[in-house]
Amino acid sequence: MKIDKVSISTVKANPNNPRVIKDDKFRKLVQSIKDFPEMLEIRPIVVNQDMIVLGGNMRLKACKEAGLKEVPIIHADNLTEEQQREFIIKDNVSGGEWDWELLASEWDTELLDEWGLDLPGFDADLEEFGEDFSLPDGDKEPFQQMTFTLADEQAEQIKNAIADIKGTEEYKYCETMGNENSNGNALYLIIMQWAEQRR
């Protein structure tokens, strides 16, 4: 399909768009467009014959926020009204799952966060896993992934503590037990230091 570059004012947001990006994630999208506008050429906004967006409503909004005057688009003029409705949903449905262990070991998590990837937080309580913290079937032994719910300030303090301890001599010699996840090792060291102080 041919990609055209048009004035951003001619592209109309879809009032029936069912997917939104809010607050911090939207700000990250705006920043990513400012930092990497070439991405829009690779993934242009899809519009119908009336210049109404079928795919890329949030990108359009972010482009306006970023101050862009023109945006690349693809015309999907040959779709029926029902196909357009189907496209809107399917364009927003993600397929597959992220390999979080691979991402953690091969990518800079701060960059992933900046790029808008919704990294798994600490979104479950310890009690959910029982006293031995065993995890659901399918997790590879002897490693476990644990998640907890934290307030923003709590999460920020933990991130800072992990970053701080990574710069210490103790961290260099921390017992990893074969774990390659640096954040997990840092958090383990913090907990062990706390436990030692309690004795």
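**Loop residues, the mixed sheet and helix packing**

Met 177 is situated in the loop that links α8 (169–172) to α9. In this predicted model, the phi angle of Met 177 is positive, at about 55°, although the residue is not a glycine. Met 177 has a relative accessible area of 53% and is exposed, because the cut-off for exposure is a value over 50%. A positive phi, of about 65°, is likewise found at Met 51, which is not a glycine. Met 51 belongs to the loop between β2 and β3. In contrast to Met 177, which is exposed, Met 51 has a relative accessible area of 15% and is buried; the cut-off for burial is a value under 20%.

The protein chain comprises 9 helices and 4 strands. Read from the N terminus, its elements follow the order β-α-α-β-β-α-β-α-α-α-α-α-α. Of its 199 residues, 25% are classed as buried. Among contacts with a separation of 6 or more, 67% are made by residues 24 or more positions apart.

The 4 strands are assembled into an open sheet with mixed pairing, in the order β1-β4-β2-β3. Its edges are formed by β1 (3–7) and β3 (53–55), each of which pairs on one side only. On average, and with direction ignored, neighbouring strands of the sheet are turned by 50° against each other. Helix α3 (residues 57–65) packs on this sheet, where it touches β2, β3 and β4 (70–75). The direction of α3 makes about 115° with that of β3.

The pairings can be described one by one. Strands β1 and β4 are antiparallel and are joined by 5 bridges; within this pair, Asp 4 stands opposite Ile 73 of β4. Strand β4 also pairs with β2, here in the parallel sense and over 3 bridges, and Val 47 has His 75 of β4 as its bridge partner. Strand β2 (residues 45–47) is in turn linked to β3 by 2 bridges, with the two strands running antiparallel. In that pairing, Val 46 is matched with Gly 55 of β3.

Ahead of β2, the loop that follows α2 (39–42) contains Arg 43. This residue has a relative accessible area of 48% and is therefore partly exposed. The C-alpha atom of Arg 43 lies 8.7 Å from that of Ile 73, a residue 30 positions away along the chain. Ile 73 is also the residue of β4 that stands opposite Asp 4.

In the helical part of the chain, α7 (residues 152–166) packs against α9 (residues 182–198) at an angle of about 90°, and their axes are 9 Å apart. The two helices are therefore roughly perpendicular to each other, since the range for this class is 65 to 115 degrees. On the α7 side, the contact involves Ala 161, Ile 162, Ile 165 and Lys 166. The α9 side contributes Ser 182, Asn 183, Ala 186, Leu 187, Leu 189, Ile 190 and Gln 193. By class, the residues of this contact comprise 7 nonpolar, 3 polar and 1 charged.

Leu 189, a residue of helix α9, is one of those that make the contact with α7. Its relative accessibility is 11%, so Leu 189 counts as buried. Beyond the neighbours within four places in sequence, Leu 189 is in contact with Ile 165, Glu 170, Tyr 171 and Cys 174. Between Leu 189 and Lys 166, which are 23 residues apart in sequence, the C-alpha to C-alpha distance is 9.6 Å.

Helix α9 also holds Asn 185, which is buried at 8% relative accessibility. When residues up to four places away in sequence are not counted, Asn 185 touches Tyr 171, Cys 174, Thr 176 and Asn 179. Tyr 171 and Cys 174 are thus partners of Asn 185 and also of Leu 189, because each of these pairs has heavy atoms within 4.5 Å.

Cys 174 is itself buried, with a relative accessible area of 12%. Cys 63 is buried as well, at 0% relative accessibility. The structure contains 0 disulfides.

Terms used: Residues numbered from 1 in each chain as written. Predicted model: local features only at pLDDT ≥ 70, side-chain atom pairs only at ≥ 80, totals over all residues. Heavy atoms only, no water. Pairing = 2+ DSSP bridges. Axes fitted to C-alpha atoms, helices over the stretch in contact; angles between N-to-C directions. Buried < 20%, exposed > 50% of the residue type's maximum accessible area, 1.4 Å probe, protein only. Disulfide = S-S within 2.5 Å. Parallel < 35°, antiparallel > 145°, perpendicular 65-115°, else oblique. Nonpolar A, V, L, I, M, F, W, Y, C, P; charged D, E, K, R; others polar.
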